[in-house]
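Work through the two exercises below with the structure open beside you, and try each task before you read its solution.

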Amino acid sequence: MPYTTEFVEPEILFTHRGLPVYKTYRNDEFGEGARNFWFTLDPLHGTDSGCEFDVRDLPTWQPPEHPPFLCGAMTDQERIDREAAWKRYHADEIEQNAIIAAITQALDHGDLAPHHCSVAWCNALVPKHNLGPDNRCPLCREGACTPWAPPPPGPPQPRERFTTQISCSVEASSETDATNRLAAAIRSAIPDVCFLPPDAQEFASTPTS
Ligand SMILES: [Zn+2]
C-alpha cells in the first residue's frame with residue numbers, strides 16, 4: 001500500500017515585526033499537540049531540528065507567579081479558592097503572555113535574532129541562541145548563518161501551492177555544488193519557492209559534500 005506523510009504548516013504563536021513565531025509539536029506530530037515552552041522561527045524545522053528553542057532558556061524569561069497547586073492537605077474552602085484562582089490564571093492567559101513577552105524581548109535584544117543558512121538546500125532559519133561562535137548551521141553543519149530580516153510587507157498576492165520532484169543532471173565540481181546551483185536556478189525562477197529538507201520522504205537522496 002502506498003502511503004504519504006503530509007506537511008502541515010505549524011500554528012503561529014504570534015508575529016513580531018513581520019516575523020512569525022511558530023509552535024512545535026510533540027514528536028513533530030501535529031496530532032500529538034503543541035509543546036508548552038518550545039518554539040521555532042522556521043515553519044519547516046521544528047522539534048529536534050536545531051531550529052527550535054526553549055523559552056525558559058532565554059535570559060528574558062520571567063516565570064509568571066501561579067496559584068498554589070491543588071495538592072497536599074487543604075480545607076474545602078481552600079480547594080474552592082485554589083480552583084477558582086487556577087481558572088482565572090488560564091482564562092487570563094498569564095503563562096502565554098509571559099512566553100510572548102520573553103520571546104518579543106529576546107527578538108529585540110538579539111538573543112533570538114533570526115539567522116539564515118547560506119546552503120541553498122538547507123535554507124534554515126536559526127535563532128542566534130542556537131548558533132556557536134562560528135555561526136555554523138546546526139542543521140546541515142555546512143552553511144554559515146548570517147542575520148536575516150523578514151521582507152517588508154507588499155500588496156497581498158494570491159498564493160498557489162504545488163509540490164514537485166525533479167530528476168536531472170547538473171555538471172558541477174561536487175554534489176553539494178550541483179545541488180546549490182540547481183536550487184539557485186529554481187529560486188531565480190520561483191522566488192518564493194520552499195525547499196523540503198533533504199530527509200523528507202519525498203526525496204530519495206541526501207546531498208553530501
Ligand atoms: Zn544549514
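**Exercise 1: the metal site**

In this predicted model, the zinc ion has as its protein donors the SG atoms of C117, C122, C137 and C140, which lie 2.3 Å from the ion. Describe how these donors are spaced along the chain, find which arrangement they make around the zinc ion, and decide whether C117 is buried or exposed.

*Solution.* Begin with the sequence, where the donors of the zinc ion follow the spacing C-x4-C-x14-C-x2-C. Next, turn to the angles: the four donor atoms subtend 105 to 113° around the zinc ion, and because four donors count as tetrahedral when all angles lie between 85 and 135 degrees, the arrangement is tetrahedral. Finally, take the accessibility, for which buried means under 20% relative accessible area. C117 has 2% relative accessibility and therefore counts as buried, and C122, at 6%, counts as buried too.

**Exercise 2: the two domains**

The protein is divided into domain 1, residues 12–147, and domain 2, residues 159–208. Describe the interface of domain 1 and domain 2, starting with how many residues are in contact.

*Solution.* First, count the contacts: seven residues of domain 1 are in contact with eleven residues of domain 2. Second, consider the area, of which domain 1 and domain 2 bury about 810 Å² between them, with 62% of it on carbon and sulfur atoms. Of the area that domain 1 buries against domain 2, L44, A120 and W121 supply 72%, more than any other three residues. Third, look across the interface of domain 1 and domain 2 for salt bridges, of which the rule finds zero, and for polar contacts, where the rule finds one residue pair.

Technical notes. Residues are numbered from 1 along each chain as its sequence is written. This is a predicted model: local features need pLDDT of at least 70, side-chain atom pairs count only at pLDDT 80 or more; totals for chains, interfaces and linings use all residues. Side-chain values use heavy atoms; hydrogens and water are left out. Donors are N, O and S atoms within 2.8 Å of the metal (3.2 Å for Na, K and Ca); water is not among the atoms, so sites may look incomplete. Four donors count as tetrahedral if all angles lie between 85 and 135 degrees; four count as square planar and six as octahedral if opposite donors are over 155 degrees apart and all others between 65 and 115; anything else is irregular. Buried means under 20% relative accessible area, exposed over 50%, partly exposed in between (1.4 Å probe, protein chains only). Domain bounds come from an automatic or database domain assignment. Contact means heavy atoms within 4.5 Å. Buried area is the accessible area (1.4 Å probe) that two parts lose on being put together, summed over both. A salt bridge is a side-chain nitrogen of Lys or Arg within 4 Å of a carboxyl oxygen of Asp or Glu. A polar contact is a pair of N or O atoms within 3.5 Å; within protein, one must be able to donate a hydrogen and the other to accept it, and residues adjacent in sequence count only if both atoms are side-chain atoms.
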